[in-house]
Amino acid sequence: MIGYPREGFGFSKNYKPKLSAPDFEEVKIAVNQYAKISIALIGK
């Protein structure tokens, strides 16, 4: 699609964009010293 990068990309909370990038509030996460976050890539 037009505007999508060629390499894979992703957002925290595995947000799937519709027409534009999400607002920070939609994808923010709390990170502490023991946090483990997994993000699925889109377009890869």
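Valine 31 counts as exposed, at 61% relative accessibility, where exposed means over 50% relative accessible area, buried under 20% and partly exposed in between, computed with a 1.4 Å probe and protein chains only. The residue belongs to the segment after α1; helices here are DSSP runs of H or I with at least four residues, strands are runs of E with at least two, and both are numbered from the N terminus. The model is a predicted one, in which local features need pLDDT of at least 70 and side-chain atom pairs count only at pLDDT 80 or more, while totals for chains, interfaces and linings use all residues. Residues are numbered from 1 along each chain as its sequence is written, and side-chain values use heavy atoms, with hydrogens and water left out.

Valine 31 has company at the surface. Together with Ile29, Ile37 and Ile39, Val31 forms a nonpolar patch with about 350 Å² of accessible area. Such patches are made of residues with over 30% relative accessible area and no salt bridge, nonpolar side chains (Val, Leu, Ile, Met, Phe, Trp, Tyr) being joined within 5 Å and like charges within 9 Å. Accessible areas come from the Shrake-Rupley method with a 1.4 Å probe, and for residues only the protein chains shown count as cover. For the protein, the accessible surface comes to about 4200 Å², and 57% of that surface belongs to carbon and sulfur atoms.

The overall frame can be described briefly. The protein contains 1 helix and 0 strands, with α1 covering residues 24-27. Its C-alpha trace spans about 40 × 20 × 10 Å along the principal axes. Of the 44 residues, 16% count as buried. Among contacts between residues at least 6 apart in sequence, 53% join residues at least 24 apart, a contact being heavy atoms within 4.5 Å.

Serine 12 offers a useful view of the interior. This residue lies in the segment before α1 and is buried, with a relative accessible area of 12%. Leaving out residues up to four places away in sequence, serine 12 touches Val27, Lys28, Ile29 and Ile39. Two of these partners, Ile29 and Ile39, are also members of the nonpolar patch.

The aromatic side chains come next. Rings of Phe, Tyr and Trp (its six-membered ring) pair if their centres lie within 6.5 Å, and planes under 30 degrees apart count as stacked, over 60 as edge-to-face and the rest as tilted. By this rule there are 2 aromatic pairs. In one of them, the ring centres of phenylalanine 9 and phenylalanine 11 are 6.1 Å apart and the planes meet at 80°, so the pair is edge-to-face. Phenylalanine 11 also pairs edge-to-face with tyrosine 15, at 6.1 Å centre to centre and 85° between the planes. Phe9, Phe11 and Tyr15 thus form one aromatic cluster. Phenylalanine 9 is buried, with a relative accessible area of 16%, and tyrosine 15 is buried as well, at 19%. The charged end of lysine 18 sits over the ring of tyrosine 15, 5.3 Å from its centre; this term requires NZ of Lys or CZ of Arg within 6 Å of the ring centre and within 35 degrees of the ring normal.

Alanine 40, in the segment after α1, connects to this region. Its C-alpha atom is separated by 7.9 Å from that of phenylalanine 11, although the two residues are 29 apart along the chain. Beyond its neighbours within four places in sequence, alanine 40 is in contact with Phe9, Gly10 and Asn14. Alanine 40 is itself partly exposed, with a relative accessible area of 39%.

Backbone angles draw attention to two residues in the segment before α1, lysine 13 and asparagine 14. Most residues other than glycine have a negative phi. Lysine 13, however, has a positive phi of about 65°, and asparagine 14 has one of about 50°. Lysine 13 counts as exposed at 55% relative accessibility, whereas asparagine 14 is partly exposed at 33%.

Finally, the charged side chains yield 1 salt bridge, defined as a side-chain nitrogen of Lys or Arg within 4 Å of a carboxyl oxygen of Asp or Glu. The bridge joins glutamate 25 and lysine 28, whose closest N and O atoms are 3.0 Å apart. Glutamate 25 is exposed, with a relative accessible area of 53%, while lysine 28 is partly exposed at 39%.
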